[in-house]
Amino acid sequence: MPSSRKLALISGSSAGLGEAAARSLARRGYDLFLGGRNQERLTGLRDELQRSHPNQVFLTYAFDVRRPAEIEAAVAACRARFARIDVLVTSAGVDRKSVV
């Protein structure tokens, strides 16, 4: 049965502003699709949020925004589980190291 709560998909949710957005939206009653590169940190955040908000849904999906195929797979996984995406938070940081 689909949830009547709103859904937020958050990239970069394993740390920094993305993690803060996840916590804030969870407090506001959103179900969350948590994305980022570090599955261990995503799982830890999901478990913490689930304990604090047991009636909400929190799913994780590890993906790298630098890889278009991974973005497409993450969105497909989200859409397979949820009827709609109400809020999109793009907070993934990209580290570009250059050789001097």
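Here are some friendly notes on the predicted model shown above, going from the overall fold to single residues.

1. Overall layout. The chain has three helices and four strands. Followed along the sequence, these elements come in the order β-α-β-α-β-α-β. That is a handy frame for the points below, where I refer to the elements by their labels.

2. Overall dimensions. The radius of gyration is 13 Å, and this agrees with the value near 13 Å that a compact globule would have with 100 residues. Taken along the principal axes, the C-alpha atoms fill a box of roughly 55 × 25 × 20 Å. Please keep both values in view when you look at the outline of the chain.

3. Burial, surface and contacts. Buried residues make up 36% of the 100 in the chain. The accessible surface comes to about 6300 Å², and carbon and sulfur atoms account for 51% of it. Among contacts with a separation of 6 or more, 63% are between residues 24 or more positions apart.

4. Charge. There are 16 positive and 10 negative side chains in the chain. The centres of these two sets lie 4 Å apart.

5. The largest nonpolar core. This core has 14 residues, and those touching the most other members are Ala8, Ile10, Ala22, Leu25, Leu32, Leu34 and Leu49. Two or more residues come from each of strand E1 (7–11), helix H1 (16–27), strand E2 (31–36) and helix H2 (39–52). H1 is the element that gives the most, with four residues. For a single example, take Ala22: beyond its neighbours within four places in sequence, Ala22 is in contact with Ile10, Leu32, Leu34, Leu45 and Leu49.

6. Another core. Apart from the core just described lies another one, of eight residues. Leu7, Leu9, Val57 and Ala74 are among its members. Two of the next points bear on this part of the model.

7. Phe33. This residue sits in strand E2. With a relative accessible area of 2%, Phe33 is buried, since the cut-off for that class is under 20%. Leaving out residues up to four places away in sequence, Phe33 touches Leu7, Ala8, Leu9, Ile10, Leu59, Tyr61, Ala74, Ala77, Cys78 and Phe82. Phe33 and Ala22 are eleven residues apart in sequence, and their C-alpha atoms are 9.1 Å apart in space.

8. Ala74. Helix H3 (residues 68–81) holds Ala74. The residue is buried, with a relative accessible area of 1%. Setting aside neighbours within four places in sequence, Ala74 is in contact with Phe33, Tyr61 and Phe63. Thr60 is 14 residues away from Ala74 along the chain, with a C-alpha separation of 9.4 Å.

9. Ser13. Is this loop residue, between E1 and H1, buried or exposed? Ser13 is buried, and its relative accessible area is 0%. Not counting neighbours within four places in sequence, Ser13 is in contact with Gly18, Glu19, Leu34, Gly35, Leu42 and Leu45. Leu34, one of these partners, is 21 residues from Ser13 in sequence and 5.8 Å from Ser13 in space, C-alpha to C-alpha. Leu34 also appears in point 5, where it belongs to the largest nonpolar core.

10. Ser91. The segment after strand E4 (87–90) contains Ser91. Here the relative accessible area is 22%, so Ser91 counts as partly exposed rather than buried, the cut-off for buried being under 20%. Outside its neighbours within four places in sequence, Ser91 is in contact with Ser11, Gly12, Leu17 and Gly18. Gly18 is also a contact of Ser13. Ser91 and Val65 lie 26 residues apart in sequence and 9.9 Å apart in space, C-alpha to C-alpha.

Notes
Residues are numbered from 1 along each chain as its sequence is written. This is a predicted model: local features need pLDDT of at least 70, side-chain atom pairs count only at pLDDT 80 or more; totals for chains, interfaces and linings use all residues. Side-chain values use heavy atoms; hydrogens and water are left out. A nonpolar core is a set of buried Ala, Val, Leu, Ile, Met, Phe, Trp, Tyr and Cys residues joined through side-chain atoms within 4.5 Å. Buried means under 20% relative accessible area, exposed over 50%, partly exposed in between (1.4 Å probe, protein chains only). Contact means heavy atoms within 4.5 Å. The radius of gyration is taken over C-alpha atoms; the globule rule is 2.2 Å times the number of residues to the power 0.38. Accessible areas come from the Shrake-Rupley method with a 1.4 Å probe; for residues, only the protein chains shown count as cover. Lys and Arg count as positive and Asp and Glu as negative; His and the chain ends are not counted. The place of a charge is taken as NZ of Lys, CZ of Arg, CG of Asp or CD of Glu.
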